[in-house]
Amino acid sequence: MRWLLIGGLVVAGLIGFIVLVGALLPQSHVASVGRDYGADRATVWRSITDVDGFAGWRPGLVTVERLPSKNGKERWREKSKHDAITIEVTEAVPPERLVTRIADEGLPFGGTWTYELVPTSAGTRLTITERGEVYNPLFRFISRFVMGHSATMEKYHAGLEKKLAGAE
């Protein structure tokens with residue numbers, strides 16, 4: 001019985017420490033991941049703006065549902081195994097720059113993704129910059145130390161790379 005109590009205290013202490021560290025981390029972060037593709041900007045642009053095709057190449061994405069525009073802004077809902085997130089385009093300058101944001105309120109996180117497409121001698125360099133906010137201290141700890149702020153962007157690039165390699 002004593003060992004069970006000690007074990008419970010250790011677990012509670014560890015959780016408390018993690019939440020404390022998460023509370024001390026900044027709520028906002030900026031992370032960027034760039035990758036070179038052997039495709040021209042127009043091809044890369046079509047891939048990153050073809051909402052109906054996202055579920056076919058984006059890792060972890062199960063379905064995408066287009067939503068009615070709001071204030072003239074394109075919107076859709078991305079569904080994975082664990083959650084659903086509404087995305088809204090806040091800026092689109094084809095084929096150079098796209099900015100999207102999480103349009104749901106009440107989530108433990110939020111922010112924007114800026115996609116910048118720059119021509120290179122071999123094709124296109126796509127850089128994704130996340131300007132994110134993680135409101136929950138526990139999630140903030142996990143985002144920073146377990147997953148890393150760039151994990152989702154790395155998965156996105158890996159899926160896009162496979163898609164574009166299959167299109168050639």
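Reader: Which residues do ring pairs link into a cluster?
Author: This is a predicted model. Under the ring-pair rule the count comes to 7 aromatic pairs. Ring pairs tie several of these side chains into a cluster. Its members are Phe 54, Trp 57, Trp 76, Trp 113, Tyr 115 and Tyr 156.

Reader: Trp 113 and Tyr 115 form an aromatic pair; what is its geometry?
Author: A ring pair is described by the distance of the centres and the angle of the planes. For Trp 113 and Tyr 115 the centres lie 5.9 Å apart, and the planes make 65 degrees. Angles over 60 count as one class. The pair is therefore edge-to-face.

Reader: Are Trp 113 and Tyr 115 buried or exposed?
Author: The cut-off for buried is under 20% relative accessible area. Trp 113 falls in that class, and so does Tyr 115. The answer for both residues is buried.

Reader: Which charged end sits over the ring of Phe 54?
Author: Phe 54 belongs to the ring cluster. A charged end sits over the Phe 54 ring, 5.2 Å from its centre. That charged end comes from Arg 58.

Reader: What class of aromatic pair do Phe 141 and Phe 145 form?
Author: Both residues lie in helix H3, 4 residues apart, about one turn of the helix. Their ring centres are 5.1 Å apart, with 50 degrees between the planes. Under 30 degrees would be stacked, and over 60 edge-to-face. At 50 degrees the pair is therefore tilted.

Reader: Why does Phe 145 count as partly exposed, and what is its relative accessibility?
Author: Buried means under 20%, and exposed means over 50%. Phe 141 is buried because its relative accessible area is 16%. Phe 145 lies between the two cut-offs, so Phe 145 counts as partly exposed, at 45%.

Reader: How many residues line the largest pocket?
Author: The largest pocket has a volume of about 1,200 Å³. Asp 83, Ile 85, Phe 109, Met 147 and Thr 152 lie nearest its centre. The lining divides into 17 nonpolar, 13 polar and 9 charged residues. The number of lining residues is 39.

Reader: Which element gives the largest share of that lining?
Author: Elements giving two or more residues include strands E3 (73–80) and E4 (84–93), and helices H3 (137–147) and H4 (151–167). Strand E6 (109–120) is also among them. The largest share is 6 residues, and it comes from E6.

Reader: Which residues does a cis peptide bond join?
Author: Most peptide bonds are trans. Here one bond has omega of about -15 degrees, which is cis. Its second residue, Pro 95, lies in the loop between E4 and E5. The bond joins Pro 94 and Pro 95.

Reader: What is the phi of Asn 71?
Author: Most residues other than glycine have a negative phi. Asn 71 is not a glycine, yet its phi is positive. Asn 71 sits in the loop between strand E2 (61–70) and E3, and is exposed, with a relative accessible area of 74%. Its phi is about 55 degrees.

Reader: With which side chain does Thr 129 make a polar contact?
Author: Thr 129 is in strand E7. Its relative accessible area is 7%, so Thr 129 is buried. Its side chain makes a polar contact of 2.7 Å. The partner is the side chain of Ser 32.

Reader: In what order do the elements of the protein chain run?
Author: The chain has 168 residues, of which 32% count as buried. Its secondary structure comes to 4 helices and 7 strands. From the N terminus on, the order is α-β-α-β-β-β-β-β-β-α-α.

How values were computed. Residues numbered from 1 in each chain as written. Predicted model: local features only at pLDDT ≥ 70, side-chain atom pairs only at ≥ 80, totals over all residues. Heavy atoms only, no water. 1 Å grid on protein atoms, 1.4 Å probe; cavity = no way out; pocket = protein on both sides within 12 Å on 5 of 7 lines; lining within 4 Å. Points joined across faces, edges and corners; volume = space filled by probe spheres on them. Nonpolar A, V, L, I, M, F, W, Y, C, P; charged D, E, K, R; others polar. Buried < 20%, exposed > 50% of the residue type's maximum accessible area, 1.4 Å probe, protein only. Phe/Tyr/Trp six-rings, centres within 6.5 Å; stacked < 30°, edge-to-face > 60°. Lys NZ or Arg CZ within 6 Å of the ring centre and 35° of its normal. Polar contact = N/O pair within 3.5 Å; in protein donor to acceptor, adjacent residues only side chain to side chain.
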